[in-house]
Amino acid sequence: MPTLFTKIITGEIPGTFVHEDDRCVAFLDVSPLTEGHVMVVPREEISHWIDADQDLIDHLMAVAKRIGRAQQAAFDCERIGVLIQGYEIPHLHIHVWPTNSIADFDLSDRSPMLDADALAGPAEKIRRALDQQ
């Protein structure tokens, strides 16, 4: 059965994308830690990141770094957080989000689920910053 992320990637479930290529996508998290929280997800369904081949991991991290630079340009933040977790959805994904303190890493303090309209503004900021790279 396809994962929730596969359904987002294939368009069965809507997603607010800021990056797409032949190996992965990046879209806004609907329950963000901070404004502009993005998830970088491979198109291939891989449950645990240690099971991915090194070339894919390198590609995902390069995309995450590019997204992080765009977030830093688009949002007033001190740092960019990165986390590979995978408990909620068994599909490898890298969380990338703007941070201003260690408190921004508290996964229990996520915002309530946002709709596409609420995600449109942060997504556009990131897309503009990506275009300027």
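## Close-up views of a predicted model

In strand β5, the residue that bridges to Met39 is His95. This bridge sits in a predicted model, and the legends below start from there and work outwards.

**View 1. Met39 and its strand, β3.** Met39 has a bridge partner on β2 as well: Phe27 is paired with Met39 of β3. So what does β3 look like as a whole, mostly covered or not? Five of its five residues are buried, so the strand counts as mostly covered, since buried means under 20% relative accessible area. In a regular strand, side chains take turns pointing to one face of the sheet and then the other. In β3, Val38, Val40 and Pro42 are on one side, Met39 and Val41 are on the other, and every one of these is buried. Both faces of β3 are therefore covered.

**View 2. The two neighbours of β3.** Strands in a sheet are paired by backbone hydrogen bonds, in a parallel or an antiparallel way. Here β2 and β3 run antiparallel and are joined by five bridges. With β5, strand β3 (residues 38–42) also pairs in the antiparallel sense, this time over three bridges. Look for Val40 too: opposite this residue, in β5, stands Ile94.

**View 3. The whole sheet, with a helix against it.** Zooming out a little, how many strands make up the open sheet? There are five, in the order β1-β2-β3-β5-β4, and the pairing is antiparallel. The edges belong to β1 (17–20) and β4; each has a single partner strand, so one side of each has no neighbour in the sheet. From one strand to the next, the twist averages 20°. Helix α3 (residues 116–131) packs on this sheet, where it touches β1, β2 (24–28) and β3. The direction of α3 makes about 40° with that of β1.

**View 4. His93, a residue flagged in UniProt.** An unreviewed UniProt entry puts the feature "active site" at His93. Where does His93 lie? You'll find His93 in the loop between β4 and β5. Is His93 buried or exposed? Its relative accessible area is 2%, so His93 counts as buried. Setting aside neighbours within four places in sequence, His93 is in contact with several residues, including Met39, Val40 and Val41. Phe5, Leu83, Ile84, Gln85 and Gly86 are also among the contacts of His93. A polar atom of the His93 side chain lies 2.6 Å from the backbone oxygen of His91.

**View 5. Tyr87, out in the open.** Tyr87 is found in the loop between β4 (79–84) and β5 (94–99). With 73% relative accessibility, Tyr87 counts as exposed. Along the sequence, Tyr87 and His48 are 39 residues apart, but in space their C-alpha atoms are 9.4 Å apart.

**View 6. Two cysteines and a zero.** Cys24 is buried at 0% relative accessibility. Cys77 is buried as well, with a relative accessible area of 14%. How many disulfides are there? With a cut-off of 2.5 Å between cysteine sulfur atoms, the count is zero.

**View 7. The annotated HIT stretch.** The unreviewed UniProt entry lists residues 4–107 as "domain: HIT". Over residues 4–107, the chain is 27% helix and 25% strand. The C-alpha atoms at the two ends of that stretch are 19 Å apart.

Note on methods
Residues are numbered from 1 along each chain as its sequence is written. This is a predicted model: local features need pLDDT of at least 70, side-chain atom pairs count only at pLDDT 80 or more; totals for chains, interfaces and linings use all residues. Side-chain values use heavy atoms; hydrogens and water are left out. Buried means under 20% relative accessible area, exposed over 50%, partly exposed in between (1.4 Å probe, protein chains only). Helices (H or I, at least four residues) and strands (E, at least two) are DSSP runs, numbered from the N terminus. UniProt positions are given in the numbering used here, feature names are shortened, and annotations may be inferred rather than shown by experiment. Contact means heavy atoms within 4.5 Å. A polar contact is a pair of N or O atoms within 3.5 Å; within protein, one must be able to donate a hydrogen and the other to accept it, and residues adjacent in sequence count only if both atoms are side-chain atoms. Two strands pair if DSSP finds at least two bridges between them. Axes are lines fitted to C-alpha atoms, for helices over the stretch in contact, and angles run from 0 to 180 degrees between N-to-C directions.
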